[in-house]
Amino acid sequence: MATILLEVATPDKGEVYAKDINMLITRSIVGELGILPKHANLLTELIPHAMRIKEGGGETKLFISGGFMEVTPDKITILADAAEIPDDIDVERAKSAYQRANERVTAYKQSPKAHEDIDIDRAEAALARAKARLLVKGVHMG
Amino acid sequence: MANLQHIRRRIKSVKNIQKITNAMDMIARSRFNAARDALLSNVPYVAKTKEIMRRVMSQMRGQEYEHPFIKTRDELIAEQQEGAGKFLFIVIASDKGLAGSFASNVFKSAHDTIEYDGTEASTSLDDDGDDENFHKKNFDALKGIKPAGKRTPKQQRQMTATGSVAKAAARQGGADSRTNVSVAREYNDAAYIDGIELITVGRKATTHFKQRGYNIIKSYHGISERPQYKYAKEITDLVMERFASGEIIDVTLIYTQFKSAISCVPDDVTLLPIVTDDYAKASANLKEEYIYEPDVVSLLDKFMPRRIATRIYGAMLHSAASELSSRMNAMSNATDNAQELVGRLNLFYNKVRQAGITNEINEIVGGANALE
């Protein structure tokens with residue numbers, strides 16, 4: 001089976017992931033993308049999500065907190081703000097982060113005027129990150 | 001005769017200093033290990049951002065594409081000829097001293113870069129045609145241009161430089177102007193200090209440049225040993241905003257590159273504008289087209305700040321590792337020197353003590369002889 005090299009790097013943890021894979025399913029700001037070997041050159045921005053990596057018949061998930069992806073026919077480079085493999089994720093922490101962000105977002109949505117102090121963009125980004133982290137661990141939230 | 005008590009006291013104080021330098025050495029050593037690890041984990045990210053940037057830029061070349069941060073050298077020259085923008089320099093040094101010549105090396109390099117007037121050879125580390133060292137290249141390109149009407153800041157700078165060089169030459173009887181370059185670096189040269197803004201990282205840098213009358217628009221203290229990405233991002237936001245509004249037309253970063261524990265070299269890097277001409281070499285062997293999602297302009301708008309913040313953060317990490325390794329070296333040298341001094345003082349002490357004893361015996365013998 002054809003493979004493509006996937007490299008994920010972050011500013012403070014170096015190379016988090018480097019492996020030959022069969023397929024990458026990822027989410028950019030314009031929508032979901034499936035990358036197979038020999039893909040055309042592509043540069044795009046990623047949103048916080050749980051990335052799915054297919055290799056050797058199995059599938060692994062990787063948390064990406066947003067960043068950039070460059071694809072060339074034989075290599076995928078992802079520059080992420082943060083990237084975590086399932087073992088590195090603290091479910092309890094992600095759950096409490098999810099609850100906190102969720103409360104803020106719902107409160108804001110109910111009455112935006114009463115909650116002007118809430119930075120809705122930040123809260124929503126935090127919610128998306130927590131959701132993606134939990135998804136990598138196999139925990140599904142609403 | 002030297003007083004025994006004085007010598008004893010001196011030995012004690014040298015030993016105390018030795019204890020302190022030794023402790024500082026060990027502290028620096030452990031912090032250095034952390035700083036080096038942080039630097040090493042950052043290296044792949046920086047390298048990959050650079051690679052992508054270079055690839056995208058080589059695609060840009062020759063295309064009908066306009067972006068405020070990307071220019072060809074001709075555009076840059078045209079802009080600087082009419083422009084009233086300032087030059088911004090980001091200087092990264094240390095908060096604390098006792099790191100040997102670490103901070104002064106940075107300042108020396110900073111002055112060389114800031115007051116560069118085209119008469120010296122470039123001292124930058126890499127000139128392999130990528131986006132590393134354009135400040136001097138840009139300036140060299142400007143040298144050939146005659147000022148049209150208004151003078152550009154850089155040409156003003158050159159005028160001032162020639163002015164003082166001429167003055168000095170007159171004073172010294174017309175010596176070769178090259179030898180008088182240092183005269184051009186009169187720190188209080190108001191004409192070109194006006195056209196310069198500084199962002200300083202580290203207390204030492206702030207004090208140094210404040211004393212010399214430079215206009216510091218922002219300084220960061222307390223982060224030099226343990227840099228954080230958010231500060232790099234803050235600097236980037238500030239720089240991008242000022243660049244976009246046209247207040248500044250050139251951003252150069254001056255920091256210390258960490259090569260190894262015994263070699264840390266000051267380096268300067270141009271962050272903005274990005275000059276496409278210098279990607280010529282790279283573009284020759286890259287012909288493929290890229291797909292941009294959603295489109296190239298909005299993507300570059302997002303990617304460019306990232307690239308700049310990454311470089312600033314990388315430079316901070318380099319500087320932190322360099323600072324700590326310089327301090328380590330300085331402190332272990334100080335400890336060794338103290339050891340040597342203690343040895344010598346001990347020898348001296350024993351000599352004096354022995355001299356005293358001999359003297360006393362002589363006196364007793366002399367006294368006994370006198371009684372006979």
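The following exercises, each with a worked solution, concern a predicted model with chains A and B.

**Exercise 1. Domains of chain A**

Determine into which domains chain A is divided, and describe how domain 1 of chain A meets domain 2 of chain A.

*Solution.*
Step 1. Chain A consists of domain 1, covering 4–84, and domain 2, covering 89–136.
Step 2. Taken over C-alpha atoms, the centres of domain 1 of chain A and domain 2 of chain A are separated by 25 Å.
Step 3. To the contact, domain 1 of chain A contributes nine residues and domain 2 of chain A contributes eight residues.
Step 4. On the side of domain 1 of chain A that touches domain 2 of chain A, the elements giving two or more residues are strand E5 (42–55) and strand E6 (58–72) of chain A.
Step 5. Sorted by class, this side of domain 1 of chain A holds five nonpolar, two polar and two charged residues.

**Exercise 2. The helix pair of chain A**

Describe how helix H1 (residues 91–110) of chain A and helix H2 (residues 120–136) of chain A pack.

*Solution.*
Step 1. The angle between H1(A) and H2(A) is about 145 degrees, and their axes lie 8 Å apart.
Step 2. The crossing in which H1(A) passes H2(A) is left-handed.
Step 3. The residues of H1(A) in this contact include A:Ala94, A:Tyr98, A:Ala101 and A:Val105. Those of H2(A) include A:Ala123, A:Leu127, A:Ala130 and A:Leu134.
Step 4. By class, the contact of H1(A) with H2(A) comprises 13 nonpolar, one polar and five charged residues.

**Exercise 3. The contact between the chains**

State how many residues each of chain A and chain B gives to the contact, and find the element of chain A that gives the most.

*Solution.*
Step 1. The contact takes 20 residues from chain A, while chain B supplies 24 residues.
Step 2. Several elements of chain A give two or more residues to the side that touches chain B, among them strand E1 (4–10), strand E2 (14–21) and strand E7 (75–80).
Step 3. The most is given by E5(A), with four residues.
Step 4. The residues on the side of chain A that touches chain B are divided into nine nonpolar, six polar and five charged.
Step 5. Strand pairing also links the chains: E5(A) and strand E8 (residues 291–293) of chain B run parallel and are joined by three bridges. Within this pairing, A:Leu43 has B:Tyr292 as its bridge partner.

**Exercise 4. The sheet of chain B**

Give the strand order of the open sheet in chain B, and explain why one side of strand E4 (215–220) and of strand E6 (263–272) of chain B is left without a neighbour in the sheet.

*Solution.*
Step 1. The open sheet has five strands in the order E4-E3-E2-E5-E6 (chain B), and its pairing is mixed.
Step 2. E4(B) and E6(B) stand at the edges and have a single partner strand each; therefore one side of each has no neighbour in the sheet.
Step 3. From one strand to the next, the twist averages 20 degrees.
Step 4. Strand E2 (residues 86–92) of chain B pairs with strand E5 (residues 248–260) of chain B in the parallel sense over six bridges. B:Ile90 stands opposite B:Leu253, and B:Val91 has B:Ile254 as its bridge partner.
Step 5. Helix H8 (residues 203–211) of chain B packs on the sheet and touches E2, strand E3 (196–201) and E4 of chain B. Helix H11 (residues 296–371) of chain B also packs on the sheet, where E2, E3, E5 and E6 of chain B are touched, and its direction makes about 40 degrees with that of E5(B).
Step 6. E5(B) and E6(B) run antiparallel and are joined by nine bridges, with B:Thr256 opposite B:Pro266. The hairpin between E5(B) and E6(B) passes through two residues.
Step 7. E5(B) is mostly covered, since 10 of its 13 residues are buried.

**Exercise 5. A serine in helix H11**

Decide whether B:Ser326 is buried or exposed, and name residues that it touches.

*Solution.*
Step 1. B:Ser326 belongs to helix H11 of chain B.
Step 2. A residue counts as buried if 20 or more other C-beta atoms lie within 10 Å of its own.
Step 3. B:Ser326 has 25 other C-beta atoms within 10 Å, and is therefore buried.
Step 4. Leaving aside residues up to four places away in sequence, B:Ser326 touches B:Ala99, B:Gly100, B:Phe102 and B:Cys264.
Step 5. B:Ile308 is 18 residues from B:Ser326 in sequence and 26 Å from it in space, C-alpha to C-alpha.

Notes:
Residues numbered from 1 in each chain as written. Chains lettered and ligands numbered in written order. Predicted model: local features only at pLDDT ≥ 70, side-chain atom pairs only at ≥ 80, totals over all residues. Domains from an automatic or database assignment. Contact = placed C-beta atoms within 7 Å. Nonpolar A, V, L, I, M, F, W, Y, C, P; charged D, E, K, R; others polar. Pairing = 2+ DSSP bridges. Axes fitted to C-alpha atoms, helices over the stretch in contact; angles between N-to-C directions. Left-handed = near helix turned anticlockwise from the far one by under 90°. Buried ≥ 20, exposed ≤ 12 C-beta atoms within 10 Å, placed from the backbone.
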